[in-house]
Amino acid sequence: RGFGRQSNKGNNNNNNNTNTNQQSKGNGSGPQAPSPTSYQLSPSPLTPSISNTPRSPALPQTMSTNHAASSENVAPEPKPAKVPYFFREQCAGLVVKGNFMTLAQKPIYVELGEWLGHQVVEQYRLLESQLKIIQEKDSTGLPICSPVSCPTMSAAGQTYTWLDKDGKPDRVPASQYIGRLQKWIIGKIEDQNLFPTGTVTVAPMSPTSSSYMTAGGSNTPGTQTPIAAGPTTSNLPLSTLAGSELRDWLGKASGFPEHFETDIKSIYRQMMRCYAHIFHAHWLDPFYNLGAEKTLNTCFIHFVTVGKLYRLLSDKDLEPMQPLVDIWIVQGLLPTEVAVAQSPAAPGPPAPASAGRLKTYDADVPVGTAS
């Protein structure tokens, strides 16, 4: 029986294997078909490969086979620069109507030098009233324009430097720049040699034209009599070689010195930089928040009208505020002839605009001058 049981068990195993083989043969003559869940398509040489296909701009992002890599190579589109509020037409209003040609035009019986001297003093008075606003203290106890809020004297990406005693440019905070500049301008205005306030019938004599009125008599040359120079072969014009009696300059008839025109242009250029800084750094706060932006616009358009009419400002000086000037020209508030007006003080064609865009400008006045 023992052998029989083992024999039967072995026969049963053989029978099971035989039945399994027969079922396999009955289902098909080939190998067993894979199930749908485990089916995988083997790569065929005829199937196109799209792994390296570049992404088409017209296709959606989901169709890119390498979206992460392709997005890194695409440069982001630059955002359009925001136009400052004061360069927008709705913020270019004034407190008065019309243009300022009536206030800028020289009266018939007033000498040009006398008129420009008056205009420079008046324009500084108007600018000073606007500077006082940014010099007021805010809630922090500091002035609105302080070394913390304005570490440099800048406007529209341009930085203005101050010349120290050695003539080297020095970057100073805007408040310090403006403070030095105010002292310098006041010193110029109060200089009786530059801005004479008394009645003068003749121009002051040049140091080279010494008087013959000496102790020896009105007709006797003294020790300070200039000695005549010998012959010269210089090609300079006679008006340059001659004394101040033969030379002519702006304001000579009213007693202004020979360098008067150069000085008032320098003063006007520095005041222009103050206006540019006020607009670019402080227009929103405090002027707009206080509702004083129209007053600022009115002072500035008056300043520009005088500066362009008499050639006290160049195109480069106006670059930081040119968009606002263009708005006023289109509106008729600033007549177009102002931009190309010929100054009697400086005849000739207007100076061409500078081709270079300088980013740093010197103050043209040393610190020692302002003290």
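Reader: How many helices and strands are there in the protein chain?
Author: In this predicted model, the protein chain holds both kinds of element, helices as well as strands. The count comes to 11 helices and 4 strands.

Reader: What share of the residues of the protein chain counts as buried?
Author: A residue is called buried when its relative accessible area is under 20%. Applied to the 371 residues of the protein chain, this gives a buried share of 34%.

Reader: Among contacts between residues at least 6 apart in sequence, what percentage joins residues at least 24 apart?
Author: A contact requires heavy atoms within 4.5 Å. Taking the contacts in the protein chain whose residues lie at least 6 apart in sequence, the portion that joins residues at least 24 apart is 73%.

Reader: Which residues does the UniProt annotation "binding site" cover, and where do they lie relative to one another?
Author: The annotation comes from an unreviewed UniProt entry and names two cysteines and two histidines, Cys145, Cys150, His277 and His282. These residues span 138 residues in sequence, yet no two of their C-alpha atoms are more than 10.0 Å apart, so they gather at one spot.

Reader: Is Cys145 buried or exposed, and what is its relative accessibility?
Author: Cys145 is found in the loop between helix H4 (112–134) and strand S1 (153–155). Its contacts, leaving aside residues up to four places away in sequence, include Ala174 and Ser175 as well as Cys150, His277 and His282, which the UniProt record lists with Cys145 under "binding site". Because the limit for buried is under 20%, Cys145 counts as buried, with a relative accessibility of 6%.

Reader: What is the relative accessible area of His277, and in which helix is its place?
Author: Among the residues that His277 touches, not counting those up to four places away in sequence, are Met153, Ser154 and Ala155, together with Cys145, Cys150 and His282. His277 is buried, with a relative accessible area of 1%, and its place is in helix H7, residues 260–290.

Reader: How many disulfides does the structure hold, and how far from Cys274 is the nearest cysteine sulfur?
Author: A disulfide needs two cysteine sulfur atoms within 2.5 Å, and the structure holds 0 disulfides. For Cys274, which is in no disulfide, the nearest cysteine sulfur is that of Cys145. Cys274 counts as buried at 2% relative accessibility, and the distance to that sulfur is 9.4 Å.

Reader: Which residues of helix H9 are buried, and which helices do they pack against?
Author: In H9 (residues 322–331), the buried residues are Leu324, Val325, Ile327 and Trp328. They cover an arc of only 155° around the axis, which puts them on the same side of H9. The buried residues of H9 pack against H7 and helix H8 (293–309).

Reader: Which residue follows H9, and what is its phi?
Author: The residue after H9 is Gly332. The phi of Gly332 is positive, near 85°.

Reader: What distance separates the C-alpha atoms of Gly255 and Gly113?
Author: Gly255 is found in the loop between helix H6 (238–241) and H7, and it is buried, with a relative accessible area of 4%. Although Gly255 and Gly113 are 142 residues apart along the chain, their C-alpha atoms are separated by 8.9 Å.

Definitions and conventions:
Residues numbered from 1 in each chain as written. Predicted model: local features only at pLDDT ≥ 70, side-chain atom pairs only at ≥ 80, totals over all residues. Heavy atoms only, no water. Helix = DSSP H or I, 4+ residues; strand = E, 2+ residues; numbered from the N terminus. Buried < 20%, exposed > 50% of the residue type's maximum accessible area, 1.4 Å probe, protein only. UniProt positions renumbered as here; feature names shortened; annotations may be inferred. Arc of directions from axis to C-beta.
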